[in-house]
Each structure stands twice: as structure tokens, then as C-alpha cells.
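Okay, thanks for coming, everyone. I'll put the structure up and then talk through a few parts of it.

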Amino acid sequence: MRNSFSGNLGCFIFDKCSGNTAIGIILVDMQGNILESNPELQEMVGYSEEELCHMALTDLTHPDDISKDLTLYKELLAGKSNFFLTEKRYIRKNCRILWARLNAFLLRGNQGEPKFAMYMVEDITRRKIIEQNLESERKNLFSILDQFPVCIYLVASNHTIRYANKCFQEYFGVPGDRPCYDLLYGRAEPCRECMPFKTFHTKNPQHQQRIYPDKQIFEVYSYYFTDADGTSMILVLAIDITERKKAEIVLNRYKILYEQARDIILFVRRDGKIMEANDSAVKTYGYSRDELLSMNIYDLRAEETVSFVESQMDEANHDGILFETVHQHKNGTTFPVEVNSQGTAIDNQRILLSVIRNIAERKRMEDSLRLTNEELEASYEEIAAAEEELRQKFEELQLAEEELHTAHQQLLDILEFLPDATFAVGKDKRIIAWNRAIEEMTGLSKADMIGKGDYVYTVPFYGIQRPCLIDLIISGEKEIELLYDCVERRGETLFSEVFVPSLFEGKGAYIWIKASPLLDGNGNVVGAIESIRDITERKRTEEQLKYLSLHDPLTKLYNRAYFEEEMRRLEDGRRAPVSIILPVSIILCDVDGLKLVNDTFGHESGDNLLKAVAGVVGESLGSGNMAARIGGDEFALLLPDCDADAAKNACDRIRFLLSNYNSTNPDIPLSLSIGFATRNDASVKISDIFKEADNKMYREKLHHSQSARSAIVQTLLKALEARDYSTEEHADRLQSLVVELAVAIDLPEHRITDLRLFAQFHDIGKVGIPDRILLKPGALTPEEVSEMRRHCGIGYRIAISSPDLVPIADWILKHHEWWNGDGYPLGLKGEEIPLECRILAIVDAYDAMTSDRPYRRAMSHEKAVMELKRFAGIQFDPLLVNSFEPLLKKDR
């Protein structure tokens with residue numbers, strides 16, 4: 001080729017340049033064909049001079065750079081420039097990338113016409129690798145900084161923010177070109193007290209607490225450093241401590257309240273161990289604080305009250321309790337106390353908070369008052385005996401009024417501190433008491449409610465004025481009792497639970513109600529009292545537990561326990577108003593191939609399949625029927641008043657809905673085996689009908705199993721063809737080549753038949769590999785490689801589930817084993833690997849190398865054969881490679 005250009009000006013210049021430079025030089029004609037190349041260029045790309053003379057420049061160029069290269073070359077030919085300088089990628093003979101700095105210029109003839117183009121090529125591969133590594137490290141660093149839950153940013157000497165992580169941007173926004181004092185403080189110029197200013201001038205680390213314009217408090221640290229090119233920078237870390245500061249303020253307030261309280265405050269563990277005690281407890285009991293914290297609540301109770309502690313703690317833990325008891329000092333003396341105890345949780349530990357008040361003085365006053373009353377009564381009796389009958393009656397009436405007033409005041413005092421919302425009415429149904437708890441519950445104050453009548457006390461609960469349980473105590477009208485689903489009577493006290501729609505600003509609540517009469521000294525009803533407790537959460541919990549006990553959590557259908565209870569109810573007639581219901585039909589359904597779906601796509605896909613079955617079964621139900629999931633893949637329908645014909649129609653309806661589902665959801669075919677039976681005679685047990693339906697369903701499943709699994713396998717194969725790079729033509733080529741190689745080594749015909757099936761289904765396991773890995777155009781990470789290798793095991797499980805594929809299941813598992821033992825998944829070597837796997841490995845590798853892929857172009861036949869020979873004895877059986885090569889020459 002070179003001789004035809006001898007004496008040519010281009011070759012003359014090429015000879016001069018190539019002999020005086022250490023860079024690669026290429027001379028090409030106007031069509032881009034290589035005319036000359038110097039030894040340095042040949043060494044760079046790995047091709048000989050003779051090989052290069054048969055190649056075009058585009059044969060060396062990386063596919064992604066060809067378009068750019070041609071554009072620059074066309075501009076050069078059009079005279080838009082005399083030369084161009086660029087960086088591009090070449091492909092070496094060993095398929096590795098060569099990064100080159102390219103200087104190209106035209107060589108023109110005597111008339112100025114373009115004759116040749118000369119390319120000077122400088123190898124910059126090492127520089128490019130270093131640049132790529134540095135860029136990767138920089139991205140990794142910023143990616144790590146973005147994960148920190150603190151604000152991190154870099155400030156340059158001109159106060160602009162050069163970098164800010166995600167946390168900073170969430171608080172303050174994207175910095176842009178605004179200086180930090182403008183972005184963070186809204187100032188027009190920097191303050192000499194700001195941390196970056198101080199750090200730049202002192203070069204010492206700074207630490208401050210700063211309050212930003214939105215009232216957030218930050219702990220801020222700044223550090224001075226210089227980067228690789230000597231530029232001064234400030235690294236700032238800002239930690240949001242706003243919530244911590246608020247918590248400290250609240251904690252200090254509670255601490256003051258706790259320490260200054262005059263009442264005793266104890267934190268008691270569920271087993272009675274005292275966890276914390278305030279100063280008033282230390283002062284009252286006479287123990288040191290350390291002594292109290294080593295004691296049990298039992299140690300503080302008077303001996304005669306210890307037996308009540310356990311039950312009182314149980315009640316306090318569940319609903320809270322207010323009671324009176326007797327405690328004792330360190331010196332052994334006792335004193336009466338009032339205890340208000342409530343269960344709570346601190347640091348995930350259940351404890352009791354007890355507020356204890358010494359009521360010794362109050363008890364002494366009550367005793368004194370009682371003695372005084374007794375003395376007065378004695379005096380009145382003496383006077384009454386001496387006075388006339390009218391005077392005696394008048395004084396008795398006066399005494400009764402005083403007693404009533406005292407009892408009324410005592411009632412009000414007790415009511416005020418009850419933990420339950422409580423109110424009382426007189427006989428005229430006007431409110432005489434409205435305690436603190438009901439004020440909090442309704443939002444209505446005592447001042448607004450005392451003296452009101454006309455059922456105004458029911459408005460906060462029902463939104464209207466209507467009678468309630470307290471009115472039933474006073475008037476006894478049966479119509480009032482009809483307003484409640486259930487009213488329980490215990491002596492003179494009434495109990496009920498009801499939903500009130502207007503409480504808590506219209507949100508409504510379930511409440512527990514207790515109503516009792518108020519009696520005078522003669523046992524006459526003078527009013528009534530009602531206590532109310534919010535039990536909404538308890539009701540919700542009960543409803544949720546009831547639902548979970550009767551339903552399958554995955555499909556939301558009824559569970560097996562409920563289904564069996566329904567069968568028993570039908571059998572003994574409890575569901576019927578008069579007699580046992582006849583006829584009754586049972587339909588049983590079993591999901592075909594569920595294990596294969598779980599093994600292939602994972603249990604999430606299997607769960608979705610079960611939900612789909614629940615939808616089909618639920619849609620098929622008629623009025624009065626019920627469906628349940630009674631096992632992992634079993635569903636049952638119970639159909640009262642349903643004869644055999646109606647049950648058969650229900651089965652047909654399920655199959656019709658199943659067909660509709662499969663037509664709109666082709667990814668995984670849904671198949672059910674169905675059986676039914678009908679009870680027409682009351683002497684026949686429903687359990688026997690269940691067994692009959694189960695037997696019919698099982699017989700149908702024997703017919704369905706193979707076809708259902710085969711349908712799933714075919715669906716998987718179609719899904720794989722749609723997702724993988726493999727095509728139907730690829731499968732045909734593999735089958736053709738493996739048969740040729742099998743015939744060449746005299747493999748028996750029956751083994752060739754299985755080998756052809758193996759070539760078609762060897763990669764069936766890839767259907768279980770995620771698209772992000774299977775369709776990834778670039779190289780896989782080590783984690784993705786490990787995930788991809790799972791397809792051998794997945795394919796094996798699919799094959800053993802299909803009778804047609806069982807003979808090749810073991811080959812599917814082992815088709816990626818290498819001759820030298822470096823393959824997977826078992827690390828077999830040499831002839832431990834089945835012969836069919838060794839044949840497919842060679843044919844599959846050859847077809848893959850000579851076919852186009854989205855991430856590379858197809859390799860030539862000669863290069864592919866060279867690769868097979870290079871890996872003979874490593875990846876491939878060397879004897880089979882030798883047998884395969886002549887077949888390729890014959891085909892070509």
C-alpha cells in the first residue's frame with residue numbers, strides 16, 4: 001500500500017515526522033482509510049503495520065466518539081479550520097481503551113485541494129484514569145457529607161459558600177452566589193464577630209451558639225484549612241439544638257415543681273420498688289433520700305394495710321386510683337394519707353406516679369367534728385325530752401337541714417378531686433356539682449353550669465338537650481333506658497357504655513357511665529350523681545383485636561377459626577331463627593403453583609397472588625355467603641340456602657372471574673383447583689361435606705398441577721425473552737450449534753434431544769433477577785454480580801417444578817461452572833461438570849461474542865475463535881473447543 005504513494009508529498013512529510021517524534025502518527029486518505037502509521041502508533045493500538053493498512057480510522061475509534069470525530073473531520077475538509085485538537089478514545093487490539101490527545105491537520109495539493117489528513121496521537125490514558133479516580137473520590141466525599149444530619153458548608157475568603165450539604169440546603173436553601181452573612185443573617189456586609197471572619201483572621205477553631213432569623217438555635221464550629229492548591233477555606237459545622245434547648249427549659253420547670261411541691265411525690269416501679277422521691281417525702285417519712293430509693297412501697301405502709309397494696313397498684317396501673325390509707329414514719333409512728341396514683345411510662349418502663357398528702361390534721365378535725373356533733377345531738381335530745389312535741393319536731397327538722405348541708409358540702413369537696421368527670425343534680429334536675437375533670441372533658445366551666453336545668457348537661461355529649469342515665473335514677477322512666485343499648489343495674493347504681501358524637505369538638509368518644517342516687521338521712525332520693533370516663537382507646541383496641549382474631553391479615557378475608565365456627569353454627573342451627581338451614585354448600589379452592597411463584601419471584605409476588613385470589617373469590621360471593629382463607633394456599637366459601645346447582649354456578653363464576661383476571665394480568669397466570677359439596681340432609685355432618693369438597697378439589701388439582709406449572713414456566717420464559725438481551729433467534733442458533741457439536745462427538749440421540757431443550761431453557765432463572773441488574777448496560781458491582789449468579793439456583797427450582805424440565809434441572813444449576821473450578825455455584829472442575837454443560841458453555845460464549853449487545857458491538861468470528869482458544873483449559877473443555885472450531889469453519 002505504501003509503495004503506491006512513494007514520492008507523494010504526504011508520505012514524504014509522514015516519513016519526516018515519524019522519524020523525529022515519539023508520538024503516534026497516522027496518515028489517512030479523504031475516505032478515512034489508514035495509509036501509513038509509525039511504530040509508536042502500532043505499539044499503542046497493538047496492531048501491525050499490515051493490519052492497520054487494511055483498516056479505516058473508525059475501526060480504531062471508540063463507538064461513542066465516532067460521531068464527534070467525523071464532525072471535526074468534516075469541518076476540516078470544509079475549510080472551517082486548518083487543524084483541530086481534541087481528546088478521544090481508541091480501542092486497542094486487546095479491546096482495552098486508549099485515551100489519546102489528537103492533533104489533526106490537512107495536507108493539501110498544489111491547487112490547495114485536500115489530499116490527506118495527518119493525525120498525531122499522544123497516549124494520555126494514565127492521566128485520564130487519574131482524573132477519573134480523583135473525580136470519583138470527590139463525589140464519594142460529598143455523598144458521605146450529604147448523609148450527615150448536621151449542616152456542613154465551606155466558606156471561601158470572599159465569604160461565598162463553595163459547598164453546602166443537603167442538611168444545610170434543607171434549612172437555608174441553595175446558597176448560589178450569595179455571601180454567607182447575607183444568606184444566614186440577611187446582612188449587607190460581614191460582622192467582625194461572625195465565626196468565618198474570626199477564623200480567617202485568627203486561623204484558630206471557633207465555637208458559638210447562634211440564633212438565626214427563624215429563631216432556630218445552632219451549635220456552630222468553624223475550622224481553618226487550605227486545600228491542595230493553597231486556597232484558604234473555612235469548614236463550618238452547624239448542629240440544630242433548638243429542641244434540646246426547649247426541652248431543657250421544660251425540664252427545669254418540672255424540676256422546680258417537683259422539688260417545691262408540699263405533697264409527697266413518689267415514682268414506684270410495678271413491683272413496688274421506689275424509683276424516685278422528692279424533698280417532701282424525705283422530710284415527711286424521716287428517711288434520707290438514699291434510704292427511700294432502696295426501699296419498697298410496702299415498707300412505708302402500716303402493717304394492717306399491706307394486704308391491699310397489690311390490688312391498689314393494679315387499679316392504679318390500669319385506670320388510676322384515689323384512696324386513703326395509713327403510712328408510717330421511720331420511727332414507727334403512723335399517719336393517715338390520701339393517695340392519688342396513676343400508671344405511666346418513663347423510658348419504656350411502666351411505673352406508678354403517686355401524689356401522697358398527709359391528712360392527719362384533716363382526720364383530727366373530722367374526729368373532733370364528729371365528737372362535737374355527737375355532743376350536740378345528746379344536748380338536743382335532752383332539750384327535746386323537756387320541750388313540747390311541736391318544738392321537738394322543729395328542732396329535728398333544723399338538725400336534718402344542717403346535716404343535709406354538711407353532707408352536700410362534703411359531697412362537693414369529694415367530687416371536685418375525683419379523677420373521673422363527675423356532675424350531680426338535685427331532685428329538680430338542676431346541676432349542683434360540676435368537677436374539674438368534667439370541666440376539662442367538656443370545656444365548660446363550673447360557673448357556667450351550676451344551677452342549669454332542662455338537660456343542658458347532655459349538650460356537650462350529644463349536641464342536643466335530652467335525658468341521660470342520671471335522669472333515669474331520678475324519674476325512673478323506661479323510655480330513658482331505651483336510649484342505651486345496655487344498662488346494668490347493681491343495687492341502686494346504674495352502669496352503661498355508649499358512644500357520644502359531640503364530645504371533643506365533634507370528634508366523638510366512647511364513654512363509661514356510672515349513675516347513683518343521692519340520699520338524705522332517711523334514705524330519700526334528693527338528687528343523683530353521674531361519673532363519666534373516656535374509654536375510646538379501650539374500645540378501639542377491643543374492636544381491632546376482635547377483627548384480627550377473625551380475619552386473615554394478608555387477604556382481609558375471614559380466617560380458619562371463624563370459618564369453622566360458622567360451620568358449627570350452621571350445623572346446630574344457631575344461625576337460623578327457627579331450625580337448621582338446608583341446603584348448605586361448601587366450595588374449596590387451592591392455588592396451583594404457589595410454591596413455584598414464591599421460589600421464583602419471592603414471597604411478595606406470592607402474597608400478591610393470594611390477594612388476587614381473595615379478590616376473585618370475594619367478587620363471586622352472593623348475599624349471605626362468606627369466604628375465608630383457611631390455609632397457606634387454600635380458600636373456602638360457605639353458602640347457606642344454596643343447593644348443588646347454585647354451588648356449581650358459583651364455581652363457574654369463580655372460573656369466569658379467574659379468566660378475566662388472567663386476561664388483564666398476564667405476568668403470572670393464576671390457576672385454582674376447585675371442589676364443592678352440598679348438605680341436603682340434617683343427619684349429615686357439615687365436616688363430612690367439607691371433606692367431600694376437599695377430595696373433589698384435590699382430584700381436580702391432580703389434573704391441574706402439571707398444566708398450571710407448565711403455564712407458569714412458559715410465562716416465565718416469555719417474560720425472560722421480553723427482558724433479557726436473548727432473542728428467539730439466539731435460542732435457535734444455540735440449539736443448532738449444540739446439536740452440531742453433539743453430533744460431532746457422537747452423543748446419543750436421546751441426549752441430543754435433552755440438550756436441545758437445555759439450550760432453550762438454560763437461562764430461565766434470570767426471570768427472578770431484578771431489571772436494574774439484568775438490563776444494566778455497564779459493568780456490575782460485586783453485589784450485583786452475586787445477585788446475578790442466583791439465576792442458576794432459581795432456574796433449578798423452576799425446572800424441578802415442571803415435569804418437562806426435570807431431566808435438565810441439574811444442568812441448569814451447573815451451566816456456569818468452569819473447567820478450572822473457578823465457576824459457580826458449586827465450583828466443579830474438569831469432568832465433574834456434566835458434558836452437556838461443557839458443550840453449552842462453548843456455544844453460548846461464541847454466540848454472545850459474535851452478537852451485538854447494547855453495551856458493545858459484536859466481535860468478529862476470528863476474534864471470537866481466538867477467545868475460545870485463549871480460555872480453553874480455563875473456562876472451557878479444551879477437547880470440545882478443538883472439536884468446535886472445524887464446525888465453525890465449515891459453517892462459514
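I'll go from the pocket to the sheets and end on a pair of helices.

Quick housekeeping: this is a predicted model, so local features need pLDDT of at least 70 and side-chain atom pairs count only at pLDDT 80 or more, while totals for chains, interfaces and linings use all residues. Residues are numbered from 1 along each chain as its sequence is written, and side-chain values use heavy atoms, with hydrogens and water left out.

So, the pocket. By pocket I mean, on a 1 Å grid over the protein atoms alone, an open set of points where a 1.4 Å probe fits, with protein on both sides within 12 Å along at least five of seven lines; lining residues have an atom within 4 Å of a point. The largest one has a volume of about 1600 Å³, volume being the space filled by probe spheres set on the points, which are joined across faces, edges and corners. It has 43 lining residues, and the closest to its centre are Glu324, Glu338, Arg362, Asp413 and Ile414. Which element gives the most to that lining? It's H16, with ten residues. Helices (H or I, at least four residues) and strands (E, at least two) are DSSP runs, numbered from the N terminus. The lining divides into 17 nonpolar, eight polar and 18 charged residues; here Asp, Glu, Lys and Arg are charged, Ala, Val, Leu, Ile, Met, Phe, Trp, Tyr, Cys and Pro are nonpolar, and the others, Gly among them, are polar.

Now the sheets. Five strands make an open, antiparallel sheet in the order E7-E6-E10-E9-E8, and two strands pair if DSSP finds at least two bridges between them. E7 (161-164) and E8 (206-211) are at the edges with a single partner strand each, so one side of each has no neighbour in the sheet. Further in, six bridges join E6 to E10, with valine 155 opposite isoleucine 234 in E10.

Over at E5 (residues 114-123), five bridges tie in E1, running antiparallel. E4 also pairs with E5, over nine bridges, and phenylalanine 105 faces methionine 118 in E5. E4 and E5 form a hairpin with five residues between them, and glycine 112 in the turn has a positive phi of about 80°.

Last, the helices. H25 (residues 603-620) and H26 (residues 644-664) pack at about 135°, axes 9 Å apart. Axes are lines fitted to C-alpha atoms, for helices over the stretch in contact, and angles run from 0 to 180 degrees between N-to-C directions. That makes H25 oblique to H26, oblique being whatever is left after under 35 degrees (roughly parallel), over 145 (roughly antiparallel) and 65 to 115 (roughly perpendicular).
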